[in-house]
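Welcome, and thanks for taking a look at this one with me. Below is a short walk through the sheets, the pocket and a few individual residues.

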Amino acid sequence: MLNVTELRPGNYFVDEGNLYQVLDILLNKTAMRKMVAKVKVKNMRSGAIIEIARNSGYMVDEARIEKQVMQYLYDGGETLVFMNPKTYDQVELPKKNLETEALYLAANGEVTILSYEEEILGIQLPSKVALEVTECEPAVKGDTINSAMKDAVLETGLKLRVPLFINQGDKITVDTTTGKYDGRA
């Protein structure tokens, strides 16, 4: 058990049957009242981000999230298949739950699988991934009015803006938090 005022960003806890990750916390103490903790949390099962307020002294159950590094193998139609590189155990996760993450998954790329009491919650992407450019428009000489960027499509279907010197077939790194071009791979 953990007092709600002891929570910090990045902590996981269970409250009223829901599993949450703390994104931010604000402790508010006024003269005549108990301290109130306003906690911005992400529901790990639904993905919803909400704010909950609890008085000091309110106890929550601390959750232990297991993190396991796995390798992305392939798209199985309705599922995405991952493999533990040490034990060769395979895990299939529903594709509909990982629509945004799937845009950053290249074959044999490593991800971290998050689970709680044998229930798989989702995946955590690395901060940057290397992907190949499959389509991009040719650069037009002298067209530098718009910070010299052009549209490109990557091997996973991700569409983004890249500098003019990037060509079809090049490998680039993409920042998974912003979804923007980061550099050449």
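Let us begin with a sheet of five strands, which is open, pairs in the antiparallel sense and has the order 14-13-12-15-16. Its edges are strand 14 (159-163) and strand 16 (180-184), each of which pairs on one side only. On average, neighbouring strands here are turned by 55 degrees against each other, with direction ignored. Please keep in mind that the model is a predicted one.

Inside this sheet, strand 13 (residues 149-154) and strand 14 run antiparallel and are joined by five bridges. If you would like a landmark for that pairing, look for V153, which stands opposite K159 in strand 14.

Is T173, in this sheet, buried or exposed? T173 sits in strand 15 (residues 171-175). Its relative accessibility is 18%, and buried means under 20%, so T173 counts as buried. Setting aside residues up to four places away in sequence, T173 touches V129, A130, K180, Y181, D182, G183, R184 and A185. Among these partners, K180, Y181, D182, G183 and R184 belong to the edge strand 16 (180-184).

**The six-stranded sheet**

A second open sheet to look at has six strands in the order 1-6-2-3-4-5, again with antiparallel pairing. Here the edge strands are strand 1 (2-3) and strand 5 (49-55), and each pairs on one side only. As background for both sheets, strands of a sheet pair through backbone hydrogen bonds, either parallel or antiparallel.

Strand 2 (residues 12-15) and strand 3 (residues 18-28) are paired in the antiparallel sense over four bridges. Within this pair, D15 has N18 in strand 3 as its bridge partner.

A53 belongs to the edge strand 5. What does A53 contact, once its neighbours within four places in sequence are left aside? The partners are V36, A37 and K38. R33 is 20 residues from A53 in sequence, and the C-alpha to C-alpha separation of the two is 14 Å.

G57 comes from the loop between strand 5 and strand 6 (59-62). G57 and G77 are also 20 residues apart in sequence, but their C-alpha atoms are 48 Å apart in space. That pair of values may be handy if you want to see how sequence separation and spatial distance relate in this model.

**Accessibility side by side**

The table gathers the relative accessible areas of four residues, with the class each one falls into.

| Residue | Relative accessible area | Class |
|---|---|---|
| T173 | 18% | buried |
| A53 | 43% | partly exposed |
| G57 | 47% | partly exposed |
| E117 | 61% | exposed |

Why does E117 count as exposed? The cut-off for exposed is over 50%, and E117 has a relative accessible area of 61%, so E117 is exposed.

**A hairpin and two positive phi values**

E117 lies in the loop between strand 10 and strand 11. Strand 10 (residues 110-116) pairs with strand 11 in the antiparallel sense, over five bridges, and T112 stands opposite Q124 in strand 11. The hairpin of these two strands has two residues between them, and E117 takes a positive phi near 50 degrees there.

Most residues other than glycine have a negative phi. E117 is not a glycine, yet its phi is positive. N108 is also not a glycine, and has a positive phi of about 70 degrees. N108 is found in the loop between helix 1 and strand 10.

**The largest pocket**

Finally, the pocket. How much space lies in the largest pocket? The volume is about 730 Å³. Its lining consists of 25 residues, and K42, E101, L121, G122 and I123 lie nearest the centre. The elements that give two or more residues to this lining are strand 4 (36-43), strand 9 (90-94), helix 1 (99-102) and strand 11 (119-124).

Which strand gives the most to the lining? Strand 11 does, with six residues. This is the strand that pairs with strand 10 over five bridges, so to speak a link between the hairpin and the pocket.

By class, the lining is made up of eleven nonpolar, ten polar and four charged residues.

Definitions and conventions: Residues are numbered from 1 along each chain as its sequence is written. This is a predicted model: local features need pLDDT of at least 70, side-chain atom pairs count only at pLDDT 80 or more; totals for chains, interfaces and linings use all residues. Side-chain values use heavy atoms; hydrogens and water are left out. Buried means under 20% relative accessible area, exposed over 50%, partly exposed in between (1.4 Å probe, protein chains only). Contact means heavy atoms within 4.5 Å. On a 1 Å grid over the protein atoms alone, a cavity is a set of points where a 1.4 Å probe fits but cannot get out, and a pocket is an open set with protein on both sides within 12 Å along at least five of seven lines; lining residues have an atom within 4 Å of a point. Grid points are joined across faces, edges and corners, and a volume is the space filled by probe spheres set on the points. Ala, Val, Leu, Ile, Met, Phe, Trp, Tyr, Cys and Pro count as nonpolar, Asp, Glu, Lys and Arg as charged, and the others, Gly among them, as polar. Two strands pair if DSSP finds at least two bridges between them. Axes are lines fitted to C-alpha atoms, for helices over the stretch in contact, and angles run from 0 to 180 degrees between N-to-C directions.
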